[in-house]
Amino acid sequence: MATNATQAQNTAVSFAGHPAAANGMAIVRLIVGAMFVSVFFENLGKGAYTPAGYAGVINFYIKNSHSPAAWKLVLGFMSSHAAMVAPGQAMMEISVGILLVIGLITRPVALVAFLFLGSLWVTELGTSWIWELLVPVVASLGLVVGRAGRAWGVDALLARRHPSSLWW
């Protein structure tokens, strides 16, 4: 009886040669990566990466959010330098999305996603549902901790050569 239960558990926790937890982390990685790619194209279509579009969005949050005054100073700096910051954010968003989808250097990329999404969460305080960004923020932190690129990702290939690397 115990042997049959163990065999059933082993069958249930394996897909493509990875334990269930690794597969679950890979699914979260793909979803967060796809979210970044999708947001990039949505923002591109809305003109949010132009200096005027970017400054408009940032100025909305400065005026309407409940984020701390110190953070609003940072936002003001970003708004006044929108010609440089907007394309930088665009490149960051599409790069993070693609790198998470393919599972390359997942841990540092997921850390960037965590920090960026966390800063957006603070920026949007009081203007949107509090859980809207908090879930992807925590999911991104989970990707860092869980080494999510080691299943279904390029990091799995790199980890064969350098298994102790903190990059994947």
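**Questions about L117 and the helix packing**

Me: L117 has its place in helix 6. Does L117 count as buried or exposed?

Reply: This is a predicted model, in which local features need pLDDT of at least 70, side-chain atom pairs count only at pLDDT 80 or more, and totals for chains, interfaces and linings use all residues. Residues are numbered from 1 along each chain as its sequence is written, and side-chain values use heavy atoms, with hydrogens and water left out. Buried means under 20% relative accessible area, exposed over 50%, and partly exposed in between (1.4 Å probe, protein chains only). L117 has 3% relative accessibility, so L117 counts as buried.

Me: Which residues is L117 in contact with, leaving aside its neighbours within four places in sequence?

Reply: Contact means heavy atoms within 4.5 Å. One partner is L133, 16 residues away along the chain, with 6.8 Å between the two C-alpha atoms. With those neighbours left out, L117 touches M35, F36, L133, P136, V137 and S140.

Me: How many helices are there in the protein chain?

Reply: Helices (H or I, at least four residues) and strands (E, at least two) are DSSP runs, numbered from the N terminus. Reading from that end, the elements go α-β-β-α-α-α-α-α-α-α. Beside two strands, the count of helices is eight.

Me: Is helix 6 roughly parallel or roughly antiparallel to helix 7?

Reply: Axes are lines fitted to C-alpha atoms, for helices over the stretch in contact, and angles run from 0 to 180 degrees between N-to-C directions. Angles under 35 degrees count as roughly parallel, over 145 as roughly antiparallel, 65 to 115 as roughly perpendicular and the rest as oblique. The axes of helix 6 (residues 106-123) and helix 7 (residues 131-146) come within 8 Å and cross at roughly 160°. That angle makes helix 6, relative to helix 7, roughly antiparallel.

Me: How many residues in the contact of helix 6 with helix 7 are nonpolar?

Reply: From helix 6, the residues involved include L117, F114 and W121, and from helix 7 they include L133, V137 and L141. Ala, Val, Leu, Ile, Met, Phe, Trp, Tyr, Cys and Pro count as nonpolar, Asp, Glu, Lys and Arg as charged, and the others, Gly among them, as polar. Beside two polar residues and one charged, the number of nonpolar residues in this contact is 15.

Me: Is the crossing of helix 2 and helix 7 left-handed or right-handed?

Reply: Helix 2 (residues 20-46) packs against helix 7 at an angle of about 130°, with the axes 10 Å apart. The two helices are therefore oblique to each other. A crossing is left-handed if the near helix is turned anticlockwise from the far one by less than a right angle, and right-handed if clockwise. For helix 2 and helix 7, the crossing is left-handed.

Me: Which residues form one aromatic cluster with F40?

Reply: Rings of Phe, Tyr and Trp (its six-membered ring) pair if their centres lie within 6.5 Å; planes under 30 degrees apart count as stacked, over 60 as edge-to-face and the rest as tilted. F40 and F41 have ring centres 4.9 Å apart and planes at 80°, so their pair is edge-to-face. F40 and Y49 have ring centres 5.6 Å apart and planes at 25°, so that pair is stacked. The cluster joins F40 with F41 and Y49.

Me: Does F77 count as buried or exposed?

Reply: F77 lies in helix 4 (residues 69-80). With 52% relative accessibility, F77 counts as exposed.
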